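Grab a pencil and work through a few exercises on this fold. Try each task yourself before you read its solution.

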Amino acid sequence: MRPKAHIVDLPVYQPGRPIEDVKRAYGLTDVIKLASNENPFGFSPRVREAVTRALPLANRYPDGAATALRRALAAHLGVAEEALIFGNGSDEIVQLIARAYLAPGTSTVMATPTFPRYKTNAVIEGARVIEVPLKDGRCDLDAMAAAVTDDTRVVWVCNPNNPTGTMVTHDELAAFLARMPRNVLVVLDEAYVEYVTDARFPRSLELLRTHENLILLRTFSKIYGLAGFRIGYGIAAPAVIDALNRVREPFNTSFVAQAAALAALEDQAFVAACVQKNEEGKRQLSDGFVRLGLRHYETHANFILVDVERPAGAVFEALLRQGVIVRSGEALGFPTALRVTIGDAAQNRRLLEALAAALVEA
């Protein structure tokens, strides 16, 4: 069987290595994973209770409209219920956007390096991909706006950007949106929005009121700690949501995932505590990298991209042998860097100690 010619060279997404896999491969019993930007503090205790209550109904199809979660999330965000769409992680909404708006003969603009699924899904749909290099690790909005052509249908802005953790400000984004043609959909991926403490960060819900060609992507995978449940969401004008619903599978989010997300949303005290702990961990790692003489981007997320000033693969492997999993920058467009998830205090301390030894070994 021969697949479509234009997908045969697409790279297969490589996630962070599983803990059990590293244990087996290196004969280890104690491994920590700081590779996939998961919440090291788990999830709200309310989630376990909600999932337990939901399990007896697992023989039924889920509510395709996610009615209860939709109602609660709309109230939490202050948006209309019809402004929301849910997906199997926000990754699926990236796929829905590409499916609904991109085709051969169209183009799409994105930064590079950035979250790779934008490009992958655009290539699958046969669109021409226009990549604009980051500037000082940030999305270069001026250059991205200049790259838009008559056939451009979608522009992707990851903010904070993955893998750099950098951000563009409200004023910068507002000026960028003012330059966008009305027939170009701007996708603002805010997977890490809850971690941001900088007051200059875009007030994106406010921008939605005046830009019907804007969609926000958010997720329950990061600060809410529900990565394994796979549930994310988009916020946009009803016309955009309607287009995406027309290409969405009917039961794309499970009943259990909806229940977990609803319970997590109700516990904003847990979210606030995670923000505080992340800020403490951010300072701990940042100070540690400085002591090691390593440069890193100022991050607004729950991960840090640090330049180890040598091929990242060797340092990555040396860390694995010590039972510490991070992401090598080789696959992320930064061949001498590591992307490190901010862990709890003990995990961060272990990472810094292991990294000091790995730098010598590598």
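What follows is a set of tasks on strands, helices and single residues, each with a worked solution.

This is a predicted model, where local features need pLDDT of at least 70, side-chain atom pairs count only at pLDDT 80 or more, and totals for chains, interfaces and linings use all residues. Residues are numbered from 1 along each chain as its sequence is written, and side-chain values use heavy atoms, with hydrogens and water left out.

**Exercise 1. The open sheet**

Work out the strand order of the seven-stranded open sheet and say which strands stand at its edges.

Step 1: get the vocabulary straight. Strands (E, at least two residues) and helices (H or I, at least four) are DSSP runs, numbered from the N terminus. Two strands pair if DSSP finds at least two bridges between them.

Step 2: walk across the sheet. The order reads β2-β8-β7-β6-β5-β3-β4, with mixed pairing. β2 (84–87) and β4 (128–133) each have a single partner strand, so one side of each lacks a neighbour in the sheet.

Step 3: add the twist. On average, neighbouring strands here are turned by 20 degrees against each other, direction ignored. Angles run from 0 to 180 degrees between N-to-C directions, using axes that are lines fitted to C-alpha atoms, for helices over the stretch in contact.

Step 4: check two pairings. β2 and β8 run antiparallel and are joined by four bridges, with L84 opposite I235 in β8. β6 (residues 185–189) and β7 (residues 214–219) also share four bridges, but in the parallel sense, and there D189 stands opposite L217.

Step 5: look at the two faces of β2. In a regular strand, side chains alternate between the two faces of the sheet. L84 and F86 point one way and I85 and G87 the other, and all are buried (under 20% relative accessible area; exposed is over 50%, partly exposed in between, with a 1.4 Å probe and protein chains only).

**Exercise 2. Helices over the sheet**

Find which strands α3 and α5 lie across, then describe how α4 packs on α5.

Step 1: place the helices. α3 (residues 67–77) lies across β2, β7 and β8 (232–236), at about 125 degrees to β2. α5 (residues 117–124) lies across β3 (107–112), β4, β5 (152–158) and β6, at about 160 degrees to β4.

Step 2: bring in α4. Helix α4 (residues 90–101) packs on α5 at about 35 degrees, with the axes 9 Å apart. V94, Q95 and A98 of α4 meet R117, Y118, N121 and A122 of α5, where contact means heavy atoms within 4.5 Å.

Step 3: sort the contact residues. They come out as four nonpolar, two polar and one charged. For that count, Ala, Val, Leu, Ile, Met, Phe, Trp, Tyr, Cys and Pro are nonpolar, Asp, Glu, Lys and Arg are charged, and the others, Gly among them, are polar.

**Exercise 3. α11 against α13**

Give the packing angle and axis distance of α11 and α13, and put a name to the arrangement.

Step 1: read the geometry. α11 (residues 268–291) and α13 (residues 345–361) pack at about 15 degrees, their axes 10 Å apart. That makes α11 roughly parallel to α13 (angles under 35 degrees; over 145 is roughly antiparallel, 65 to 115 roughly perpendicular and the rest oblique).

Step 2: name the residues. G281, Q284, L285, G288, F289 and R291 of α11 meet A345, N348, R349, L351, L352 and L355 of α13. Six of these contact residues are nonpolar, four polar and two charged.

**Exercise 4. Around β10**

Identify the strands that pair with β10 and say how covered β10 is.

Step 1: take β9. β9 (residues 295–296) and β10 pair antiparallel over two bridges, R295 has D307 as its bridge partner, and a hairpin of six residues joins the two strands.

Step 2: take β13. β13 (residues 337–341) runs antiparallel to β10, with five bridges, and I304 stands opposite V340.

Step 3: check the cover. Five of the five residues of β10 (residues 303–307) are buried: F303, L305 and D307 point one way, I304 and V306 the other.

**Exercise 5. Two loop residues**

Decide whether S36 and E125 are buried or partly exposed.

Step 1: S36 lies in the loop between β1 (32–33) and α2 (45–54). Its relative accessibility is 18%, so S36 counts as buried.

Step 2: E125 sits in the loop between α5 and β4. At 23%, E125 counts as partly exposed.
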